[in-house]
Amino acid sequence: ADNLSEALKKLKITSTDSTADSLEGCLDCLLQALAQNNMETSEKIQKSGVLQVFASLLTPQSSCTAKVANIIAEVARNEFMRNPCVDAGLIPPLVQLLNCKDQEVLLQTGRALGNICYDSHEGRNAVDHAGGAHIVVDHLRSLCNKTDPASEKLLTVFCGMLMNYSNENDTLQSQLINMGVIPTLVKLLGIHCQNAALTEMCLVAFGNLAELESSKEQFAYTNIAEELVKLFKKQIEHDKKEMIFEVLAPLAENDVIKLQLVEAGLVECLLEIVQKTVDSDKEDDIAELKTASDLMVLLLLGDESMQKLFEGGKGSVFQRVLSWIPSNSHQLQLAGALAIANFARNDGNCIHMVDNGIVQKLMDLLDRHVEDGNVTVQHAALSALRNLAIPVVNKAKMLSAGVAEAVLKFLRSEMPPVQFKLLGTLRMLIDAQAEAAEQLGKNVKLVERLVEWCEAKDHAGVMGESNRLLSALIRHSKSKDVIRTIVQSGGIKHLVTMATSEHVIMQNEALVALALIAALELVTAEKDLENAQLVQILHRLLSDDRSAPEIKYNSMVLICALIGSEPLQKEVQSMAFLEVVSKLRSHENKTVAQQASLTEQRLAVES
């Protein structure tokens, strides 16, 4: 301790005119003290005011420069020392040193700047202001091809410095991307794949940058996919695989890179991991299984990569994914169902899968999760069934396979994501299927649950889908029994509210359903339509210039149907509809104009 105090005093006094030898001795003493107790020594250095002295010692000419930079690097390992280093004006001279040729000076300077930037807003700003990142990126470019140990060590430090500089800072990450650091880092990874420390730094740097959209476009022009897959195949340790996964996941969000990863053979690696880890109960293996299967699903989100792996339904990858569905691992069941939902993104694939028995597999899976349901698996399996039900030719096949019954078992679910998918699946199934729509529409339990969900204000998706299914049951069945069931369950007011939705498609579906109710069961629904103030709503829709032509058209059709009810006719008469309708006779849309003329005649007769 005495030596340290002595050395600090000496440094302050003699820094300006001392001989190199006496300076060296003081600096060695400081380094020794830092090695023994970094935190305590750093505090003493700060108190002594020597930091300001260091700024004048950081000159390219001095033989002590590397040692001074080394001391700053050691001191800046402590969080409380980073701002004082900035305040002491150390950043500009350190950045200047990045231009010198001495490798040891470069190494220690890179360390010092990297440590000062670590989790320090002020440190990063100062380095940015002094233009440090530019010089470091230039160094990476010029050193990139050198594989001697000293150059690799320097490259590792410089990568680390850039990583600390840009970590969690979008602006600085964008700056590095604009400087073109990505192609350089990808090249580094390829050339130095044998150097574990450097590889690791590159991976962390990629992880930092890959979150930004602009970076993905740049990555897509490099051979990053090939390099990462090559590196991945060599890894044995879980931690290293995990690091690569962390880079792959954000990159795989880009469709071009998805395809590159598929072509580079990532899928085979992932399938191998799944096979190795599926029966293991080791924590690392379970984590790896999850990451690998999740990534697999992500790769299938790209249209091209998905079609490449589907291979007309004959692809080995598609077959392997199918085998996940009956597995005993919830994670694999989930990934399998999500993968099927992704494969089911075009009609051709959907038709092929339904013809080849995928529906039964998904129904069996749902069956296993009815009682002690795993919500994510339920949600995924329902998503897959919903997508498969989109092509017209699949609907009847799926209905006769019993999909509607399988889905109805989940009516009890209290989970909004499951409710949402269940509703969507039923709505797809009954599209233009009159018999099925009638059967479901007379199911009192279902209709009562729909009416209940129409009020789920906390879950807009569930609320919207319930309304749409109610309307669909009427529109596709055109059945008086269905209308009566919906009236008795209190569904009318929801259809009237749906007519005021901000989505034109939902407004329209509601108006068509209401017109069918008015045409088929007006007497039964009369009271509910009156209470829900349908006539006022129609007046508003017709008066509003922003209403879409189809909304105006269907509102007039509905008005003509409502006149058949005495109380509703009185309301229509009291609200000056004639005025609004006659204006619409000159509407630019021909169909609207024609319907306006017809409606005007009807209203004139009735009045």
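These questions and answers go through parts of a predicted model.

Colleague: Which residues of helix 4 are buried, and what do they line?
Modeller: In helix 4, which spans residues 50-57, the buried residues are Val50, Leu51, Val53, Phe54 and Leu57. Seen down the helix axis, these buried residues fall within an arc of 150°. They therefore line one face of the helix.

Colleague: Is lysine 241 buried or exposed?
Modeller: Lysine 241 is part of helix 17, residues 238-251. Leaving aside residues up to four places away in sequence, lysine 241 touches Phe232, Gln235, Ile236 and Glu288. A residue counts as buried when its relative accessible area is under 20%. Lysine 241 has 13% relative accessibility, so it counts as buried.

Colleague: How are helix 8 and helix 9 oriented to each other?
Modeller: Two packed helices are described by the angle between their axes and the distance between the axes. The axes of helix 8 (residues 103-117) and helix 9 (residues 121-130) come within 7 Å and cross at roughly 135°. An angle of this kind lies outside the ranges for roughly parallel, antiparallel or perpendicular. Helix 8 and helix 9 are therefore oblique.

Colleague: Which residues of helix 9 meet helix 8?
Modeller: Helix 8 contributes Leu113, Ile116 and Cys117 to this contact. The residues of the contact divide into four nonpolar, one polar and one charged. Those from helix 9 are Gly123, Arg124 and Val127.

Colleague: How far apart are the end C-alpha atoms of residues 357-389?
Modeller: The unreviewed UniProt entry annotates residues 357-389 as "repeat: ARM", along with residues 89-131. Residues 357-389 are 76% helix and 0% strand. Their end C-alpha atoms lie 14 Å apart.

Definitions and conventions
Residues numbered from 1 in each chain as written. Predicted model: local features only at pLDDT ≥ 70, side-chain atom pairs only at ≥ 80, totals over all residues. Heavy atoms only, no water. Buried < 20%, exposed > 50% of the residue type's maximum accessible area, 1.4 Å probe, protein only. Helix = DSSP H or I, 4+ residues; strand = E, 2+ residues; numbered from the N terminus. Arc of directions from axis to C-beta. UniProt positions renumbered as here; feature names shortened; annotations may be inferred. Contact = heavy atoms within 4.5 Å. Axes fitted to C-alpha atoms, helices over the stretch in contact; angles between N-to-C directions. Parallel < 35°, antiparallel > 145°, perpendicular 65-115°, else oblique. Nonpolar A, V, L, I, M, F, W, Y, C, P; charged D, E, K, R; others polar.
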